[in-house]
Each structure stands twice: as structure tokens, then as C-alpha cells.
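Hi,

Here is the structure I promised you. Please open it first, then read my notes below.

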Amino acid sequence: MRLAIDCRMSGKSGIGAYLDNMLPTLIEEVCREQNGSVLLLGLPQKKFDALAARKIAGFEKCETLFYKTKVFSVAETFFFPRVILKKINSCDAYFSPYCNIPARIFGGGIKIPVFSTIHDIVFLDIPLAGMLGTFLRKMFYIRAIKHSKEIFTVSNFSKGRIQEKLRCKKPITVVYNGVPDLEAAEKVRAKKIEKTDAIIFVGNIKAHKGLGTLIEAFSKFREEISQEAASDGKPLPRLLIVGSKENFRTKDAALEKAISNCEEKGIVFTGFVPDDELMVLIASARILVQPSLYEGFGIPPLQALHCGTKAVISDIAAFKEVYATMPVTFFRAGNADDLARKMRETYFDESSLPKFEQIYSYEKSAETILRAIKEKTEGVEK
């Protein structure tokens, strides 16, 4: 099989991490076959060099086309380069880690079986981009479903929402996420980094991430223990928000005021943090809190557990599914009082994390994707 893979989002967070962590397995599994090869579309040179350095079996059978047509752009949707489409159509299947499908007007699109990914439909369930933005995203979702042989998603929760909200009749396969750079996480945990007084949040600073609930809960928790801390001579806990304060947007006046003098309240916005430093921050934190109101999967709690840090997370459907057998603490989503209680209980709990089974990995996800692609493309004439 010759597989074309859209790699233009490689090196970025979110979708890029999903792709980059599966690429080595996708390449190795395809290229070790007698007639197997991979066409990497738009993979940045830096990422190509990093893959080559890993000595992946069969990597010499990879072909890379470097080009910069942006995803979801007018050029991608209506005027995708003919020379690239010709290369794609010489393959047996096309895999996209997202829901963007290249095409040209007047029928100049991808002729081989397409397999795309819809991670979640948060923009439809919780409109975040206005009427026009929501409509355009829905059209891209529908277009991906129409042109795909099969859809991949990251949880049964997302699968159900795609089927209901988009009336999807195409096959949908769940491929769970894993821990980005698992080896690095395990190395950090092995170092047994000393815990600080920090509580950490990791994620995009958007409305559905529940930061309003977290900041309110943290303020209550910190105020409750302030007298105890003062009498014991211990420092008050800090809240580290991995992200930029300038990117935080809310219409809540009280919350805006709390953010304006957040340093005085023990709240620190770290700005961008490189992956290796992030692992250390997570490992040194006393707890990680993920107060999301909506997720398709939610990776940071998984990172925390693998770094030896306890996690307090909201009881949304995706988390209840993904973390059902994990040693996490759930709180009622959107309830600051319940979160403050759970934060206090977990923060002062000196017991170690119990061992847990590693049930998610990007290797398993890549193998599931390839199995689905092979089942749908065997015997298909180009």
C-alpha cells in the first residue's frame, strides 16, 4: 500500500501533536510491507530530519513534498495545486489528521479513498466563533464526511455527537489519544522531582475550558487556608495557567477584575512553555486541575498521571469515559464550590498515586487507523 498523509499541521499543538506522535508508527507499519511506501505532504524540513534521525524501519521508502498551501484556505478548498493532487492520486489512500480535504473546482479533487479525522464538534455544541464561523466549520465537517470513506475520532462521546449533530452515516472509528512524548514523561517521573506549592492548568485559554470556574474555586480554596498557612509559616498555593493572559477573553466583569490583578491572588500566566519544560512543570505541581465544560478527549490529565501528579477533573461525558479506570478525582462541572473542596482534599493528600494500566497510546491509535484503511482499500481500483 502507498499511503498519502497530510502533514501540514506537524509541529503545532493539538492536531499537530496527534499527527506527530502517530507518524513513526504509521511510517514503519506501512513501509515494512514489501510494496509499502508513504507520501508525506507538507512535512516541515525540521520534522522530516527528526523522523529520519529516529532510524525508522523503511523510512527510505518515504517521499516528502514540501509545500505551504494553508489548511482550510481558499487555495486548499478550490485551487489546490494540480501537481500535488496528481501525486496524491497515485497513492492507494489519503489520511488527514483533521477534517480539511484538498480539492479544485470543476472536479479536480482526490480520487482515491479518503480517511479524515473529526476530533470533536465543540464549535457546534458550544458556539464559540459567531454565526458565520460556526456555519463555516459545520460545512467543513459535512464536506469531510461526504468525501471520506471513514471518519476517525478520539472518543465514543465525540462519535455520538458527530452521528447526532451531523447526521453522519459513514463508519466512525474511535482512536483514543495518548501521552505526547511518553518517554519524556516517564523520564521526568523517574527523576522524582520535588513537589512545589503549585496547582497547574494546561490547555487553550477558551471559554469551554472552564477557567472561570477554576479561578473562582482557587480563590475560595486559597482564602480558606490562608490563616492555617500563616500560622504554620507555609506558602500559599499558586495557580499556574499555562498560557497567555492576553489571550483570555470573558464578558464576566468580576472575572475580568480578578484577572487584572491576578498576581496578587497567586495566579500566574506562564505564557508559552516548551514541551520539555512543561513536563517538568506538571511533575513539580502538587495537582493538575482540568475544569473543562467540553472536551473530545482531554490529554493534560493523562500527562499529569504519567508524570506522577494527581488530577482533579470535571465530570463531563468525555472525561467520565476516558478516565473511568484512572486514579483521578472528579468534581461537578461548572461548580466552583465543589471544585474548591476537591482541590483542598487532593492538595493535602500525601498518599502516592496508585499504579494504573497504560491503556492509551499513539502506537495503538496508529495501528487502528491503518487497519481501518486497509480494510476499506483492499481490492479497490484507482
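Ala4 stands opposite Tyr94 in strand 4. Strand 1 (residues 2-6) and strand 4 (residues 93-95) run parallel, and three bridges join them. Strands here are DSSP runs of E with at least two residues, helices are runs of H or I with at least four, and both are numbered from the N terminus. Two strands pair if DSSP finds at least two bridges between them.

This is a predicted model: local features need pLDDT of at least 70, side-chain atom pairs need pLDDT 80 or more, and totals for chains, interfaces and linings use all residues. Residues are numbered from 1 along each chain as its sequence is written, and side-chain values use heavy atoms, without hydrogens and water.

Now the whole sheet. It is open, with seven strands in the order 3-2-1-4-5-6-7 and parallel pairing. Strand 3 (62-65) and strand 7 (172-174) are at the edges. Each has a single partner strand, so one side of each lacks a neighbour in the sheet.

Helix 15 (residues 362-377) packs on this sheet. The helix touches strand 1, strand 4, strand 5 (114-117), strand 6 (150-153) and strand 7. Contact means heavy atoms within 4.5 Å. The direction of helix 15 makes about 175° with that of strand 6. Axes are lines fitted to C-alpha atoms, for helices over the stretch in contact, and angles between N-to-C directions run from 0 to 180 degrees.

Strand pairing in general: strands of a sheet pair through backbone hydrogen bonds, either parallel or antiparallel.

Best wishes
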